[in-house]
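Visitor: I should like a close look at a single part of this structure, followed by an account of how the rest is arranged. Please proceed residue by residue where that helps.

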Amino acid sequence: MPYRRLPNTDQARLRALKAAVDRVGSVPPAELLFSQKTALELESFLPLFDQSLRQCLESRDRQIAASKQVAESGKTLRLFLSHFVQVFNMCIARGEIKPEERKTLGLQDCGNSVPDLATDKALIEWGKLIVEGEERRIAEGGRCRIYNPSIALVKVKLQVFEENYNAHKDFLLTVQKFKERLDEIRERADEMILKIWNEVEETVGPIDTNEKRDLCQSYGLVYFYRPQERQRDFLLGQI
């Protein structure tokens, strides 16, 4: 005999709940295969589960889009910072900027190299050090302004990246909040589906014919054949 399998994905849960709600709307109350009390609970619960699932999926989509913006703006900022530091070092090599001025930008331990900008956190920390340091160096009368790229342009790229980075962090918190809420509601969904399916099968009685099974399936119940049962039915079909 085929066995019943409860949903194990949110979309499958949603289909099961919607199938049961459809029967509530299309079958006279006296002919409904689960109780009116369960029907009322179902009609109240389904919109809650549907909304929670959509909020979780939509917030995740926004978080993914924000993550792409972080990656793109980070790549741009990394390029501008790297070029700025390289030009700064070339100015030192040409004698246009004193080597000790590296300290103003926090680059005293980097020598002629670009600092490690691999992580988002490092990108922000170094971006602030370099932008604020260069602005201070120029304000204090430092020689040789750098124009390609200018520190003003680097500052703009840093601001864009920080905005995207902070927005992404906010989206992550929102996703987590909706996920935790969905986890709680998912448990209620599983309890609701199990209750409906049990009541339907109890009302129908032993599921020993295709007609009974089809009737239960119209309420959202899902049945699967075991591998040996599928093979047996195939062999019988060849006779």
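Guide: In this predicted model, Phe224 touches Pro2, Tyr3 and Arg5, once its neighbours within four places in sequence are left aside. Phe224 belongs to strand β2, which covers residues 223-224. With a relative accessible area of 30%, Phe224 falls above the 20% limit for a buried residue and below the 50% limit for an exposed one, and is therefore partly exposed. Between Phe224 and Val154 there are 61 Å from C-alpha to C-alpha, at a separation of 70 residues in sequence.

Helix α4 may be taken next. Its 54 residues should span 80 Å at 1.5 Å a residue, and its end C-alpha atoms lie 76 Å apart, which agrees. Gly205 follows α4 and has a positive phi, near 95 degrees. Within α4 is Asn164, which is buried because its relative accessible area of 17% is under 20%. Leaving aside neighbours within four places in sequence, the contacts of Asn164 are Gln69, Val70 and Ser73.

α4 also takes part in the largest nonpolar core, a set of 31 residues in which Leu17, Phe34, Leu42, Phe49, Ile196, Val200 and Tyr219 have the most contacts. Two or more residues of this core come from each of α1 (10-26), α2 (36-93) and α4 (151-204). The largest share, 10 residues, is that of α4. Apart from this core there is another, of 26 residues, which includes Leu77, Ile92, Leu117 and Ile146. In soluble globular proteins, nonpolar side chains tend to be buried together.

Phe49 of the largest core has contacts beyond its neighbours within four places in sequence: Asp10, Arg13, Leu14, Leu17, Leu182, Ile185, Arg186 and Ala189.

The packing of α1 and α2 can be described in similar detail. Their axes are 10 Å apart and the helices pack at an angle of about 150 degrees, with α1 passing α2 in a left-handed crossing. From α1, the contact draws on Asp10, Gln11, Arg13, Leu14, Leu17, Lys18, Ala20, Val21 and Val24. From α2, it draws on Ala39, Leu42, Glu43, Phe45, Leu46, Phe49, Asp50, Leu53 and Leu57. Sorted by class, the residues in this contact of α1 with α2 are 12 nonpolar, one polar and five charged.

The loops remain to be considered. Lys98 is in the loop between α2 and α3 and is partly exposed, with a relative accessible area of 44%. Setting aside neighbours within four places in sequence, Lys98 is in contact with Ile92 and Arg143. Ile92 is among the residues of the core of 26. Along the chain, Lys98 and Thr38 are 60 residues apart, and their C-alpha atoms are separated by 80 Å.

The loop between α3 (120-139) and α4 holds Pro149, which is joined to Asn148 by a cis peptide bond with omega of about 5 degrees. Cys144 is also in the loop between α3 and α4. Phi of Cys144 is positive, near 60 degrees, in a residue other than glycine. Cys144 is partly exposed, its relative accessible area being 26%.

How values were computed. Residues are numbered from 1 along each chain as its sequence is written. Side-chain values use heavy atoms; hydrogens and water are left out. A nonpolar core is a set of buried Ala, Val, Leu, Ile, Met, Phe, Trp, Tyr and Cys residues joined through side-chain atoms within 4.5 Å. Buried means under 20% relative accessible area, exposed over 50%, partly exposed in between (1.4 Å probe, protein chains only). Helices (H or I, at least four residues) and strands (E, at least two) are DSSP runs, numbered from the N terminus. Contact means heavy atoms within 4.5 Å. Axes are lines fitted to C-alpha atoms, for helices over the stretch in contact, and angles run from 0 to 180 degrees between N-to-C directions. A crossing is left-handed if the near helix is turned anticlockwise from the far one by less than a right angle, and right-handed if clockwise. Ala, Val, Leu, Ile, Met, Phe, Trp, Tyr, Cys and Pro count as nonpolar, Asp, Glu, Lys and Arg as charged, and the others, Gly among them, as polar. The expected span of a helix is 1.5 Å times one less than its number of residues.
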